Amino acid sequence: MTILHSELRGFERSLSEFHARGVEVVAISADSNEESRKLCASRGYTYPFLSDAKADMIRRYGVLHPHGGADGQDIARPAEFLVDATGTIKWVNLTDDLRVRARPENALRAVDQLTLAAAR
């Protein structure tokens, strides 16, 4: 969990850079609303954490890791998506390795590249 929390902290520290680019950061988890609220309160995260306890959205995005949790519960594979206002996925960082996570600077670089490409 340390790696996960490190990733989440990194996005929290970079919120102003995302907001300056017109990007909202949202976390989606298979955890319950209550578990997500506790995590946000204990770690000081200020961006939204959405609960997908039934893993509907997690399945839709193809990132379900069945029985991958410590107690055999379903969890989401590590993934980051940039989704535009129309719901179109513009960038994906997907891994099967729980230790490998996107750094905020990688997502910001992708935002900048997409913005530059759209301006052409």
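## A strand residue and its nonpolar patch

Leu50 belongs to strand β2, which covers residues 49-51, and the model in which this strand is seen is a predicted one. With a relative accessible area of 43%, Leu50 is partly exposed, because the partly exposed class lies between the limit of under 20% for buried residues and that of over 50% for exposed ones.

Leu50 also takes part in a nonpolar patch on the surface, where Val26, Ile28 and Met57 are the other members and the accessible area of the four together is about 310 Å².

## Asp31 and Ser14

Asp31 is placed in the loop between β1 and α3, and its relative accessibility of 32% makes this residue partly exposed. When residues up to four places away in sequence are left aside, Asp31 is in contact with Ser36, Ser51, Asp52 and Ala53; of these, Ser51 falls within the residue range 49-51 of strand β2.

Ser14 likewise sits in a loop, in this case the one between α1 and α2, but Ser14 is buried, with a relative accessible area of 11%. Its contacts, again not counting residues up to four places away in sequence, are with Pro104 and Leu108. Along the sequence Asp31 and Ser14 are 17 residues apart, while in space their C-alpha atoms are separated by 24 Å.

## Salt bridges

The model contains three salt bridges, the criterion being a side-chain nitrogen of Lys or Arg within 4 Å of a carboxyl oxygen of Asp or Glu. One of them joins Arg21 to Asp112, with 2.6 Å between the closest N and O atoms. This pair connects distant parts of the chain, since Arg21 lies in the loop between α2 (15-20) and β1 (27-29), whereas Asp112 lies in helix α5 (residues 104-119), 91 residues apart. Arg21 is partly exposed at 35% relative accessibility, and Asp112 is partly exposed with a relative accessible area of 35%.

A salt bridge is also formed between the side chains of Arg37 and Glu34, at 3.3 Å from N to O. Both residues lie in helix α3 (residues 33-43), and because they are three residues apart there, about one helical turn separates them. Arg37 is exposed, its relative accessible area being 53%, whereas Glu34, at 40% relative accessibility, counts as partly exposed.

Lys90 and Asp84 make up a further salt bridge, in which the closest N and O atoms are 3.9 Å apart, a distance that still meets the criterion because the limit is set at 4 Å. Lys90 is partly exposed at 45% relative accessibility, and Asp84 is partly exposed as well, with a relative accessible area of 27%.

## A positive surface patch

Arg9, Arg13, Arg43 and Arg103 together form a positive patch on the surface. Arg9 is located in helix α1, which runs over residues 2-13, and the end of that range shows that Arg13 is part of this helix too. Arg43, for its part, falls at the end of the residue range 33-43 given for helix α3, the helix that also holds the salt-bridged pair Arg37 and Glu34.

Arg9 is partly exposed, with a relative accessible area of 31%. That value is sufficient for a place in the patch, because patch residues need over 30% relative accessible area and must have no salt bridge.

Conventions:
Residues are numbered from 1 along each chain as its sequence is written. This is a predicted model: local features need pLDDT of at least 70, side-chain atom pairs count only at pLDDT 80 or more; totals for chains, interfaces and linings use all residues. Side-chain values use heavy atoms; hydrogens and water are left out. Patches are made of residues with over 30% relative accessible area and no salt bridge: like charges are joined within 9 Å, nonpolar side chains (Val, Leu, Ile, Met, Phe, Trp, Tyr) within 5 Å. Accessible areas come from the Shrake-Rupley method with a 1.4 Å probe; for residues, only the protein chains shown count as cover. Lys and Arg count as positive and Asp and Glu as negative; His and the chain ends are not counted. The place of a charge is taken as NZ of Lys, CZ of Arg, CG of Asp or CD of Glu. Helices (H or I, at least four residues) and strands (E, at least two) are DSSP runs, numbered from the N terminus. Buried means under 20% relative accessible area, exposed over 50%, partly exposed in between (1.4 Å probe, protein chains only). Contact means heavy atoms within 4.5 Å.
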